[in-house]
Each structure stands twice: as C-alpha cells, then as structure tokens.
Amino acid sequence: MKRSGICALALVTTVIAVPLAQKPAPLPAANPKLDALKQEAVAEVESRRAFSQQMVDQIFSYGELGFQEFETHRYLVDILKQNGFAVQEGIAGVPTAFMATWGSGKPVIALGSDIDGIPQASQKPGVAFHDPLIEGAPGHGEGHNSGQAVNITAAIAVKKIMEREKLPGTIRIWPGTAEELVGTKAYFIRAGLFKDVDVALFTHVGDSMSVTWGDRAGTGLVSVQYSFQGETAHAAGAPWRGRSALDAVQLMDIGWNFRREHLRLSQRSHSVVTDGGDQPNVVPRTASIWYYFRELDYPHIKEMWETGDTIAKAAAMMAGVELLPTKVLGTAWPQHFNKVVAETAHANIQKVGMPEWSDQDQQLAKALQKELKNARIEGLPLKISDTLAGPVQNNTGGGSDDIGDISWNVPTVTLRYPSNIPGLPGHNWSSAIAMATPIAHKGVTAGAKVQAMTILDLVMRPELVDQAWKYFRDMQTKDKKYEPLLRPQDQPAIWLNKGIMDKYRPEMKKYYYDPSRYKTYLDQLGIKYPTIKTPNAQRPTPN
Ligand SMILES: [Zn+2]
C-alpha cells in the first residue's frame with residue numbers, strides 16, 4: 001500500500017469519481033441526538049491527544065517487523081485490558097495477533113489496523129534526510145505505528161458514550177499483524193474470527209483523508225517460497241559429485257524473467273533469494289527463492305502461481321535437484337470496499353476536515369520532498385476531496401493488502417488518515433520521517449474523530465448495517481465469491497523476520513520511548529523539529 005505509506009496504491013492508476021448513486025439517496029431524517037453524540041465523541045477524541053500521541057510514538061520506537069511484533073502486542077493488549085476490553089491473544093495461530101472485545105449485542109463492529117514495520121527503514125523522526133537511528137535496522141517506513149491509535153482512541157471515546165446511553169453494540173479491535181507479508185488476515189477469516197462481524201472499519205495511514213468504495217486499485221497476491229535440495233561436494237575437487245540447489249534457484253529466476261514478457265501488463269512479480277548456499281567451495285545443498293505473484297483477480301493470481309510452479313519443477317529437472325514442497329508465506333485478495341459504509345464515513349470526513357498544519361510541519365514536508373528530488377514540492381495538503389471515489393477504472397496493478405480477504409467476507413472500508421507526507425516512494429526510510437512527529441499525531445486525531453463518528457452512525461442507525469449487507473450480497477458478491485488462496489496445509493509463517501529482530505532488537509531496545517520521562521519521542525531523542533539541511537551543509541566541502 002503506498003503513496004507515502006499507502007501499501008496498495010498504484011501510483012499511475014486512475015481513480016474515477018462516480019456519482020454516489022444513480023438516483024440521489026434520500027437524506028437521512030434529522031437526528032439531533034446522533035449529531036450531539038457525534039460532537040461529544042469528537043470532543044472526547046480531542047481531549048485524548050496526548051494518549052494518541054503516546055501510542056503513535058511508542059509503537060514507532062518498537063519498529064518491529066511482521067510476526068515479531070511482541071512488544072507492540074504486549075503494549076496494545078495492556079492498554080485494551082486497562083480500558084475494559086476482554087482480549088483473546090494468539091488468535092489463528094499467530095502469537096502477535098489478538099482480538100479485543102467490549103460491549104454486547106449488535107452491531108458487531110471490528111476496528112483493524114496494521115502494526116508491522118519495514119526492513120532497513122530505521123530513521124530519526126523529524127529529520128528531513130536519511131539519518132538512521134541504527135544502521136540496517138528495521139523501522140516504521142510505512143507508518144503502521146499509527147493506525148491502532150486511531151482505532152483505540154475512537155473506541156474509548158465511543159465506549160464512554162455507549163455506556164452512559166446504554167446503547168447496544170460490540171466493538172472489536174484487532175491488529176493487521178505482518179501486513180507487509182500479507183501474512184495473517186486470510187488466516188483470521190479461515191479461523192472464523194469475522195463470522196459474527198457486521199462491519200469492518202479498517203484504517204491505514206495516508207497523506208490525506210479519504211475512503212473509497214468498489215473495486216480498489218492494486219492487486220491481490222500469493223507469496224510463495226520455492227526450496228530446492230541437491231547434494232554437497234567439493235566445488236573444485238569433485239564438482240561432478242555435487243548437485244547445486246542454487247543452480248535451480250538461478251534457473252528459476254532466469255525462467256521467470258523470460259516468461260515475464262508474456263504476462264499481462266497488470267501483473268507485478270518480484271523475488272528475493274532467502275537461501276543461496278553457504279560458501280563457494282561447497283556445492284549448495286539447499287537454496288530457496290521467495291516470490292510475490294500479484295494480479296488483479298483470483299483466477300489470474302492462480303494462473304501466475306501455476307506458472308511459477310511449472311518453472312520451479314523445470315528448474316529442478318535442469319539442475320538435477322529436488323523441488324521440496326512449496327511454502328505459502330502469505331496471500332491477499334484484491335480489495336473491494338462497501339458503498340454504504342464508505343458513504344457514511346465520507347460524510348464524517350467532510351465534517352472533520354484536514355488538521356491544521358504548523359509552519360514546522362510544512363517545512364519538514366517540503367524539505368523532504370526536495371531531498372527526494374520530487375518534481376512537486378507541494379508540502380502537506382490543506383484540503384480534502386469532497387468527492388467520494390468509486391470503483392477503480394483501468395486498474396493497472398500495484399500494491400496489495402490482505403484487508404482484501406476481510407472485504408470479501410464482511411462489509412469493509414479502509415479509512416486513510418493524513419499522518420504522512422505526500423510524494424514518497426513507500427517502504428523506505430523517508431516514510432518513517434513524519435511518523436513520530438506532530439504530522440502523524442494530528443493525522444491520527446483527525447482519523448479517530450471520523451472513526452468515532454462512523455461507529456456511532458452504525459450503532460444508532462441499524463438500517464445502515466442492513467443496507468451495507470444488501471450491497472455486499474446483491475452487488476459485490478452477486479457474481480464473485482471468495483475462495484481462499486490458502487491451501488488446507490498452509491500455516492501462518494510466524495518464523496519470518498525472527499533472525500533480523502534477534503540481530504537488531506538488543507540495540508533497538510535502547511531507543512524505546514519512555515513516556516514517563518519524555519513528553520514526546522522527539523523530546524527523548526533530543527531532535528529539533530524540524531531538522532533540515534541548511535544551505536551550508538549542502539555545499540560540497542572545498543578541497
Ligand atoms: Zn500498509
């Protein structure tokens with residue numbers, strides 16, 4: 001997802017705004033009580049700015065990669081328990097996933113947001129150039145440190161009102177664990193965790209505030225690791241005795257890259273070699289290559305996957321090695337968002353509007369856009385679009401998000417809130433710069449206000465939930481049904497990233513945020529906000 005930290009956004013995809021309905025929908029009857037409670041929820045969120053900021057900064061400082069979000073998990077579970085939620089930990093076989101529940105009865109509203117970071121994205125916040133806290137370490141180079149603060153702040157604000165007003169309804173809070181690996185949401189569906197959910201309100205960091213409905217830009221994917229096994233031998237003394245698994249990896253890579261010419265334009269595929277042998281004088285007995293195969297829909301994803309399997313088998317034959325059983329490390333369906341829920345959230349977005357950016361916020365944004373040599377030095381946006389974007393036209397592919405799996409099982413919308421800077425490459429240190437600064441904090445508060453208002457809409461206007469399901473049944477899933485990409489034998493890839501976190505965590509711990517001593521993480525790090533290159537510093541040293 002990414003335009004500035006938007007995992008799934010294809011930069012070149014045209015999103016065409018379509019009319020909300022062929023006939024204008026009748027305006028809901030005036031509901032002064034709902035309006036008053038929404039105003040109260042907004043004030044409750046506003047009064048919790050420090051609470052939200054601490055969550056954003058704390059999770060930023062953990063910088064944990066997918067499936068290894070142990071500090072983040074413990075921290076969030078503690079906050080939720082302190083605030084009256086019952087928490088089931090380790091759901092769907094994922095130790096760093098949980099389902100928190102408060103309330104009773106209908107509607108059941110599930111609030112989700114991702115929590116994992118990006119490899120090699122360590123970065124000092126508020127500094128408008130590459131300046132890692134720890135060279136080589138992971139960090140929040142996507143902005144997934146912020147979404148839980150949106151949801152938890154909103155939930156606590158609404159819970160207070162629901163308790164007093166004795167409003168029926170259940171709020172669930174859950175993490176998008178290992179989203180960068182699209183590693184868990186399909187397992188949550190398989191485990192039945194969304195079976196009784198009425199609406200899923202997802203949040204994701206962005207650089208503006210918006211929701212969409214219909215088929216979204218981007219792709220779904222299957223993430224597959226191919227492992228080969230040969231035999232070692234002395235690579236100089238008796239190479240004819242050996243069979244190189246690495247040869248099969250290289251032949252598969254070559255085979256795939258030739259085949260790429262003949263794939264649809266919308267596909268995206270990329271790989272890393274996760275095992276390339278041990279040392280040159282030992283013929284590699286084992287080797288592995290890991291692919292993401294991305295396409296626009298389920299049948300085309302399956303087709304790419306079959307092509308990958310064929311090339312792997314052929315590569316094994318050429319190298320005279322064995323292809324081991326393949327491992328699915330993640331899957332994601334393409335995303336489709338619910339029209340009724342999107343319209344509801346969109347109306348609330350219009351009421352909340354964009355945060356007020358300070359001169360310092362704008363200075364940081366512009367300095368970073370300049371540092372990245374962007375064509376546009378646009379700073380932070382001041383206005384939100386008043387148009388609700390509908391189904392994507394001419395989808396040319398792009399990123400993926402396993403919220404797609406949820407969206408094909410329950411009416412779902414992703415709220416993008418303005419906590420990052422526009423014009424960034426994504427999955428990069430630059431996307432971490434804003435994520436523990438006032439830009440992120442203000443965006444989270446704005447997002448939490450929208451989220452809180454939308455929850456109240458769904459709780460107090462049950463007809464919205466009925467209409468959302470009508471759209472889901474009669475429009476979205478009329479001709480297209482969810483089929484899992486997961487095979488029955490697949491299990492969550494919870495071992496991923498353990499080695500990287502074992503390597504860096506001891507050093508990263510020294511930088512964990514301590515809110516008992518410092519008001520903000522910037523304060524703790526002693527960073528002047530914003531820190532930008534001075535004209536002098538940019539001048540080359542004379543020699
Ligand atoms: Zn993301």
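This report describes a sheet, the helices packed around it and some unusual backbone positions in one structure.

The model is predicted, so that local features need pLDDT of at least 70 and side-chain atom pairs count only at pLDDT 80 or more, whereas totals for chains, interfaces and linings use all residues. Residues are numbered from 1 along each chain as its sequence is written, and side-chain values use heavy atoms, with hydrogens and water left out.

## The sheet

Helices (H or I, at least four residues) and strands (E, at least two) are DSSP runs, numbered from the N terminus. Six strands form an open sheet of mixed pairing, in the order β1-β2-β4-β3-β5-β13, where two strands pair if DSSP finds at least two bridges between them. The edges of this sheet are β1 and β13 (412–418), each of which pairs on one side only. From one strand to the next the twist averages 20°. In general, the strands of a sheet pair through backbone hydrogen bonds, either parallel or antiparallel.

Starting from the edge strand β1, four bridges join β1 to β2, and the two run antiparallel; here Val87 stands opposite Ala100 in β2. On β4, β2 pairs in the antiparallel sense over five bridges, with Ile171 in β4 as the bridge partner of Trp102 and Arg172 in β4 as the bridge partner of Thr101. By contrast, β3 and β4 pair in the parallel sense over seven bridges, and the bridge partner of Ser113 in β4 is Pro175.

How many of the seven residues of β3 are buried? Seven of the seven are buried, so β3 is largely enclosed by the rest of the structure; buried means under 20% relative accessible area, exposed over 50%, and partly exposed in between, with a 1.4 Å probe and protein chains only. Val108, Ala110, Gly112 and Asp114 point one way from β3, while Ile109, Leu111 and Ser113 point the other way, and all are buried.

## Helices beside the sheet

Helix α3 (residues 70–82) has 13 residues, which at 1.5 Å a residue should span 18 Å, and its end C-alpha atoms are 18 Å apart, which agrees; the expected span of a helix is 1.5 Å times one less than its number of residues. This helix lies across β1, β2 and β4 and runs at about 155° to β1, where axes are lines fitted to C-alpha atoms, for helices over the stretch in contact, and angles run from 0 to 180 degrees between N-to-C directions.

The buried residues of α3 are Thr72, His73, Tyr75, Leu76, Val77, Ile79 and Leu80. They pack against α2 (49–62), β1 (86–89), β2 (98–104), α4 (147–165) and β4 (169–176), with contact meaning heavy atoms within 4.5 Å. Just after α3, Gly84 takes a positive phi of about 90°.

Two of the helices that α3 packs against, α2 and α4, also meet each other. The axes of α2 and α4 come within 9 Å and cross at roughly 150°. That makes α2 roughly antiparallel to α4, since angles under 35 degrees count as roughly parallel, over 145 as roughly antiparallel, 65 to 115 as roughly perpendicular and the rest as oblique. On the α2 side Phe51, Ser52, Met55 and Val56 meet Gln148, Ala149, Ile152, Thr153 and Ile156 in α4.

## Unusual backbone positions

Most residues other than glycine have a negative phi, and most peptide bonds are trans. The table lists positions that depart from this.

| Position | Backbone value | Place |
|---|---|---|
| Lys106 to Pro107 | cis, omega near -5° | Pro107 in the loop between β2 and β3 (108–114) |
| Tyr529 to Pro530 | cis, omega near -10° | Pro530 in the loop between α14 (521–525) and α15 (535–538) |
| Ala92 | positive phi near 55° | loop between β1 and β2 |
| Asn497 | positive phi of about 70° | loop between α12 (462–476) and α13 (498–509) |

Are Ala92 and Asn497 buried or partly exposed? At 26% relative accessibility Ala92 counts as partly exposed, whereas Asn497, at 18% relative accessibility, counts as buried.
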